[in-house]
Amino acid sequence: MSNEQQVHYYYPPEELVKNAAVSGMDAYHALCKEAEDDYEGFWGRRAKALLDWKEPFTQVLDESNAPFFKWFADGKLNVSYNCLDRNVNKGLGDKVALIFEADNGEVTRVSYKDLLARVNRFANALRGMGVKKGDRVVIYLPMSIEGVVAMQACARIGATHSIVFGGFSSQALRDRIEDAAAVALITSDGQHRGGKALPLKPIADEALTLGGCDTIKNVIVVKRTGVDCNMVAGRDTWFHDACADQSDVCEPEWVEAEHPLFILYTSGSTGKPKGVQHSSGGYLLQAMMSMQFSFDIKPSDVFWCTADIGWVTGHTFIAYGPLACGATEIVFEGVPTYPDGGRFWRMIQDHKVTVFYTAPTAIRSLIKTADNNPSVHPRQYDLSSLRLLGSVGEPINPAAWEWYYEHIGGGRCPIVDTFWQTETGAHVITPMPGATPMVPGSCTLPFPGIQAAVVDETGTEVPWGQGGILVIKRPWPAMIRTIWNDPERFKKSYFPDDFQGKLYLAGDGAIRDVDTGYFTITGRIDDVLNVSGHRMGTMEIESALVAHEKVAEAAVVGRPDDLTGEAIVAFVVLKGPRPTGDEAAAIIKELQNWVGREIGPIAKPKDIRFGENLPKTRSGKIMRRLLRQLAKGDDVIQDISTLENPQILEQLKG
Ligand code: PRX
């Protein structure tokens, strides 16, 4: 991007610029300057204007116990009140809050008034079971109206929810329940996906028998597929029974701004997944600001974020942000390829979606589908309602960006390539759709108020054009507060001593364009993989592999993949002799299924290779960089003079 002549900039259409929340680059720079000149004022003014407070805050930012920052700490509010009651009070009661489209195409519309009543009934039910402020509630649900209702109901009574993605295994669910010491589990009998009804309750039941889940007193089960399911007397209740006689009114629990709204487990480079703890006030503020600045949300918009509520994107851009802004949103159960590869485009057409937010992996796979099957090519659908597109979760390659721009956006919709993380809570680097000239593959510039930078190992900013480590220099309202149960790990992971504990370490590498300062994310710098936009720790997969009785040792690395961004490659040493031929193929299947059961299908290695050993240095350290080269099929060009066992490399080639 160093030479302007070679860079193709895409400009937002004038009509959009005219009416945008951030209209033109001068407006963007003015916001950044406002934050630079008066950091606390910038956030404080917006927290006052955008949120309804039961008790106003007097202090914006408390840095006295850094890096455990506090925002708006003496203010009190309720997140569910801010998402629902105040919209109803503003006269939006009959406005459609969410349009749920099920796997089989069935559509349910829920108004703000109706959503509030559903949330209140379930909140009362939870209270009736003794769930109270500060208790943790684990939600293991497919995409559903009840998923959103459950999250909002927890927020209403001040319970801290922790969603576990419906594709995770019983073991993963158990680990999260135990770590959070949850008092209740909300799940469903099953889930619909691609025309199939899959069981969920049996997995939840199994998790509860694995030990460590004694804190769970109640299991609430949503009837979704209608399959028979085992209900344990005294512990399990149907969701509809629990809500049946409850009042539509439920006084919100007014909580401190710092009260933990949710914990969401995500993968790190070492050990078990970490419970990222988020706040109430600061989190909701930036969820709303992202909706306003990055998505330019307007009352007439129909917003569709295709993420699952199991990931942070589904928290900020399904459960909270759109509702807090009084928008109409789509909640989708199913897969983009069922009943055919035109599902997304048909839904955009049918529901007149105006803002569409999805992941590069979905785009890449739908490009392939459209190429192979012209009858589901986006040109077959009327996508003229769209005015803005978004991308999230992984770097978007320019070819996918351009296809998205041309074929979905009709060449008239800006694409906001939003960089953020579970830990950041909201967008941190992204174009402003009515301002920023876009360059495919670059997430462009920091969200107003976010002080992102690229530094070297000592924390010194590197010149533009030079790659380095992505950091954020000042705390921001929606940031992670701590790792649940592990404040030390929080400090070590995000505010390392290398940077004197002063910089937030994102875990990604980045480079800034020499002319524009635009950021391009160059990928994770730790042992975290990004497969189809899902974060996976290599250590987690290795631990799952070595838990198998046949496995002596395993090392997992990522390899670039055209479709999924990265693919998981595992190098395995068995306890017995190195298998070959059919025997190897059978064990590969067995290990893939094993990892699927231990963690979830998304963690299954795509490629498993067997060696009599792993390439190690004389001191016994596994040479991972070498494994990465082998995984890619590259020639090993690295110096292998420190390698103890060079003969092993031949065995590990693909
Ligand atoms: O590596 C970055 C990548 O996804 C990681 C965060 O993953 P997670 O916490 O699961 O949250 C995903 C959804 C917010 C980041 O560290 N990532 C996310 N968005 C982008 C991205 N990489 C490049 N470009 C993006 N827009």
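Over residues 28–83 of this predicted model, the chain is 48% helix and 11% strand. The C-alpha atoms at the two ends of this span are 27 Å apart. The stretch carries a name in the record: an unreviewed UniProt entry annotates residues 28–83 as "domain: Acetyl-coenzyme A synthetase N-terminal". A cis peptide bond is found within it, joining Ala-66 and Pro-67 with omega at about 0°. Pro-67 belongs to the loop between β1 (61–62) and β2 (70–71).

A second annotated span can be described in a similar way. The unreviewed UniProt entry gives residues 540–621 as "domain: AMP-binding enzyme C-terminal". Here helix accounts for 30% of the span and strand for 30%, while the end C-alpha atoms lie 18 Å apart.

Turning to the domain assignment, the chain is given a domain 1, covering 336–413, and a domain 2, covering 532–652. Their C-alpha centres are separated by 34 Å. The two domains do touch: six residues of domain 1 are in contact with six residues of domain 2. The size of an interface is often expressed as the accessible area that is lost when the parts come together. For domain 1 and domain 2, the buried area is about 460 Å², and carbon and sulfur atoms give 58% of this figure. On the domain 1 side, Thr-361, Arg-364 and Glu-394 together supply 67% of the area buried against domain 2, more than any other three residues.

The chemical character of this interface can also be followed. The side of domain 1 that touches domain 2 has three polar and three charged residues, and no nonpolar ones. Despite those three charged residues, zero salt bridges are found across the interface of domain 1 and domain 2. Polar contacts do occur between domain 1 and domain 2, with a count of two residue pairs.

Salt bridges are nevertheless present in the structure, which holds 42 of them. One of these is formed by Lys-113 and Asp-94, whose closest N and O atoms are 2.9 Å apart. This pair links distant parts of the chain, as its members are 19 residues apart. Lys-113 is in helix α5 (residues 112–128), whereas Asp-94 sits in the loop between α4 (79–92) and β4 (96–101).

Some backbone details complete the picture. Besides the bond at Pro-67, the peptide bond from Tyr-338 to Pro-339 is cis, with omega near 0°. Pro-339 is placed in the loop between β17 (328–332) and α12 (343–351). Another loop, between α10 (281–294) and β16 (302–305), contains Asp-296. Although Asp-296 is not a glycine, its phi is positive, at about 50°.

Terms used. Residues numbered from 1 in each chain as written. Predicted model: local features only at pLDDT ≥ 70, side-chain atom pairs only at ≥ 80, totals over all residues. Heavy atoms only, no water. Domains from an automatic or database assignment. Contact = heavy atoms within 4.5 Å. Buried area = accessible area lost by both parts, 1.4 Å probe. Salt bridge = Lys/Arg side-chain N within 4 Å of Asp/Glu carboxyl O. Polar contact = N/O pair within 3.5 Å; in protein donor to acceptor, adjacent residues only side chain to side chain. Nonpolar A, V, L, I, M, F, W, Y, C, P; charged D, E, K, R; others polar. UniProt positions renumbered as here; feature names shortened; annotations may be inferred. Helix = DSSP H or I, 4+ residues; strand = E, 2+ residues; numbered from the N terminus.
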